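I opened this notebook to record what I looked up, entry by entry, with the model on the screen beside me. What can be read from the strands, the helices and the place where the chains touch?

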Amino acid sequence: MNESADLDRSEALLWTILARFESLAVAQYTASAPALLTPQKLAAVALLRTRISDDAYLAGSGLEAPIDALLQSATSSREDHVLIAQGLFLEAIGEAIYRNFRDNEATGEPTRALCERGFAAGARAREMIPGLLRARIGDGDVLLQAIMTEAGPLLRSIDDLGEGIDASFLDRYGVSFADLMGDAAAELIAMCADLNVDRRKFVSFLTSALMGL
Amino acid sequence: MNALLIGSSGYLGGLVAAGLLDSSDQIIVAPIRGAHTRESVLAPIREELRCEGVDSSVDFDRIVTVPLTADADWSALDELVERYAIEQIIHCAGSVDYFNSALLHAANIVLTGRLLELARRHAMKRFVFLSTAFSSGYIDRPVREELHPGEGSDPTEYTKTKREAEALVANSGVPYLILRPSVVIGDSRDGRYSGKPYGLYQFWTAFERLLTDRYREAMHVISPRVQQQLIHQNAFKNGFVAACRHLPVNSIVNLVSLPDGLPTARGIAQQFCERIARPQQLFFYNKLSDVRAEINDRRMRMLLEFTAVNSEISAHAWRFESTALRRLRSLGLQFADTTLETVLTCQNRFVEKSPRIQAYLAKNEGLFAAQPGTVEVGVA
């Protein structure tokens, strides 16, 4: 349960979601990609855990099932999968979430502080991930094929979050699923272009996955 | 001629199953995989037949669903072929992932090869293969009803694998029928559609997801004045069944609408924007590179980028031989050609079923332009 009185219900839900995401990141980086287990990431998770000790605010909400499915599809002990699904995609989505709520006038100070810290932790991971991907998998078409294989199911389950995100955060914060995905897509397209992935093919893949194809 | 139908859980495979159940008394054996169940496969088939008003006269026991649990179940298929005296394979499965090479190879090449081996082992009378009208790749002449040499560039890796699969089928020694539909859209009469958001549905879905958050005074759309190769699902279904019934083995048929009334990408986009988006100003482009850099509406840019590959394919002036289809029409085939009016039927259905678009229409009614101004950008 949320142990703080200065988070309202919707912010507590946001913290709970982020705690689920970041806990998975720490578990997967610990097991399969220790380079990404940075002090910044551990500090962000520690901050989340000071306020959120269980999933009470998520339980029974419209987001519970799609979040469970998303995290399930992101979970793997294979290094390729962890680097792509967690390191590339979920970090990009995390960046979008942190940025949108950090820069949001409707969020309280604790949430803005969390988002500042989470954004910084993600930025450190995003600095490292291109080099790790290039060394482990390669770049260009080889990397694109790996991305399609490893991230396809994840993206399809992300699509299922849309209605729940909008229902929970759009009216209060003006943050919609399309905004978050737009920010994440822009970040991913830029990163993949730097890794010599054909932009047209990558965008087509994102479109298919995010449009329910 | 009893059939082994591969891909019955897909949109087109389901339409084929409905068409065959309605028009013949053959047994259809349909292997199903993964999370599919007999009921999940039969539900859309029943619904299609209900919409046609014939469900009560169809014996659904004639479709035999067989769960397959793993890739290694080919001996089970051999046993099914023997048990049900199957004489043809109807192969409607495959991947349409544009650039996922591994998946495309596995689903479109490897699977087809294995099914051809099955057909050969049992000396089947026919192998019916569902391909695509665009398997030629980009060529500057009409697409003939014959195998393609593959000299053109391909819009996607999907079209390349379909062309390679066609060659596998035609060179297998098994008598064959290859059907090449263009982009299948909803029923011409009521617009019903249960496929995924491809083609014009991609644009409509992108609008629904990205641009219904608020009213926009300006809309930017990539929509060249090029005819769009669309066929209605009822035309596809009737054409497929008629081809199976009337065409000799070793035929290839382009399942496409007559070109006379085919709408252009511009016409389709304009119809949607004027009736649904209703901006004050419409900017039309022929290609993504014509789009103004200064558009700072992020969602609008996403829509343009997300629909770019399909926009690019739709900018090619595809032309098709339709000798086989003309023959089928002369034999009585009811084939509803696509026009701007029939696309509107599909659009109306899509809009009617979209709560987001309904909310957009209700919320912004007072802001809509009676008639938007139009601007052509980058047109030579």
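**Entry 1: a sheet in chain B**

I began with strand β6 of chain B, residues 176–181, and found that 5 bridges join β6(B) to β10(B), the two strands running parallel. I kept in mind from the start that this is a predicted model. For one pair of residues across these strands, I noted that Arg180(B) stands opposite Asn254(B), which belongs to β10(B).

I then asked myself in what order the strands of this open sheet lie. Reading across chain B, I wrote down β3-β2-β1-β4-β5-β6-β10, which makes 7 strands with parallel pairing. The edges are β3 (63–67) and β10 (251–255) of chain B, and each of these pairs on one side only. When I looked up the turn between neighbouring strands of this sheet, I found an average of 20 degrees, with direction ignored. As a reminder to myself, strands of a sheet pair through backbone hydrogen bonds, and they do so either parallel or antiparallel.

Next I looked for a helix against this sheet, and I found that α7 of chain B, residues 233–246, packs on the sheet and touches β4 (88–91), β5 (126–130), β6 and β10 of chain B. The direction of helix α7(B) makes about 165 degrees with that of β6(B).

**Entry 2: another sheet in chain B**

I turned to an open sheet of 3 strands in chain B, which lie in the order β8-β11-β12 and pair in parallel. Its edge strands are β8 (218–222) and β12 (373–377) of chain B, each of them paired on one side only. Here, too, I wrote down an average turn of 20 degrees between neighbouring strands, with direction ignored.

Strand β11 of chain B covers residues 281–285, and 5 bridges join β11(B) to β12(B), with the two running parallel. Among these strands I picked out Phe284(B), whose bridge partner in β12(B) is Glu376(B). Helix α8 of chain B, residues 265–277, packs on this sheet and touches β8, β11 and β12 of chain B, while its direction makes about 160 degrees with that of β11(B).

**Entry 3: one aspartate in a loop**

Where does Asp337(B) sit? I found Asp337(B) in the loop that lies between α11 (323–330) and α12 (340–352) of chain B. Once I had set aside its neighbours within four places in sequence, the residues in contact with Asp337(B) were His232(B), Ser257(B), Leu258(B), Arg329(B) and Thr342(B). With one of these, Arg329(B), the side chain of Asp337(B) makes a polar contact, side chain to side chain, at 2.7 Å. I also looked up Asn310(B), which is 27 residues from Asp337(B) in sequence and 21 Å from Asp337(B) in space, C-alpha to C-alpha.

**Entry 4: salt bridges and the contact between chains**

Over all chains, I noted that the structure holds 50 salt bridges. One of them is formed by Asp80(A) and Arg136(A), whose closest N and O atoms are 2.6 Å apart. Asp80(A) lies in helix α4 (residues 79–102) of chain A and Arg136(A) in helix α5 (residues 109–136) of chain A, so this pair ties together parts that are 56 residues apart in sequence.

For the contact between the chains, I recorded 23 residues from chain A and 23 residues from chain B. The area buried between chain A and chain B is about 2100 Å², and carbon and sulfur atoms give 54% of that area. I counted 7 salt bridges between chain A and chain B, and one of the salt bridges is between the side chains of Lys201(A) and Glu157(B), at 3.3 Å from N to O. The elements that give two or more residues to the side of chain A touching chain B are α6 (140–159), α8 (177–194) and α9 (199–210) of chain A, and α8(A) gives the most, with 8 residues. By class, I wrote down 10 nonpolar, 6 polar and 7 charged residues for that side of chain A.

Notes:
Residues are numbered from 1 along each chain as its sequence is written. Chains are lettered from A and ligands numbered from 1 in the order in which they are written. This is a predicted model: local features need pLDDT of at least 70, side-chain atom pairs count only at pLDDT 80 or more; totals for chains, interfaces and linings use all residues. Side-chain values use heavy atoms; hydrogens and water are left out. Contact means heavy atoms within 4.5 Å. Buried area is the accessible area (1.4 Å probe) that two parts lose on being put together, summed over both. A salt bridge is a side-chain nitrogen of Lys or Arg within 4 Å of a carboxyl oxygen of Asp or Glu. Helices (H or I, at least four residues) and strands (E, at least two) are DSSP runs, numbered from the N terminus. Ala, Val, Leu, Ile, Met, Phe, Trp, Tyr, Cys and Pro count as nonpolar, Asp, Glu, Lys and Arg as charged, and the others, Gly among them, as polar. Two strands pair if DSSP finds at least two bridges between them. Axes are lines fitted to C-alpha atoms, for helices over the stretch in contact, and angles run from 0 to 180 degrees between N-to-C directions. A polar contact is a pair of N or O atoms within 3.5 Å; within protein, one must be able to donate a hydrogen and the other to accept it, and residues adjacent in sequence count only if both atoms are side-chain atoms.
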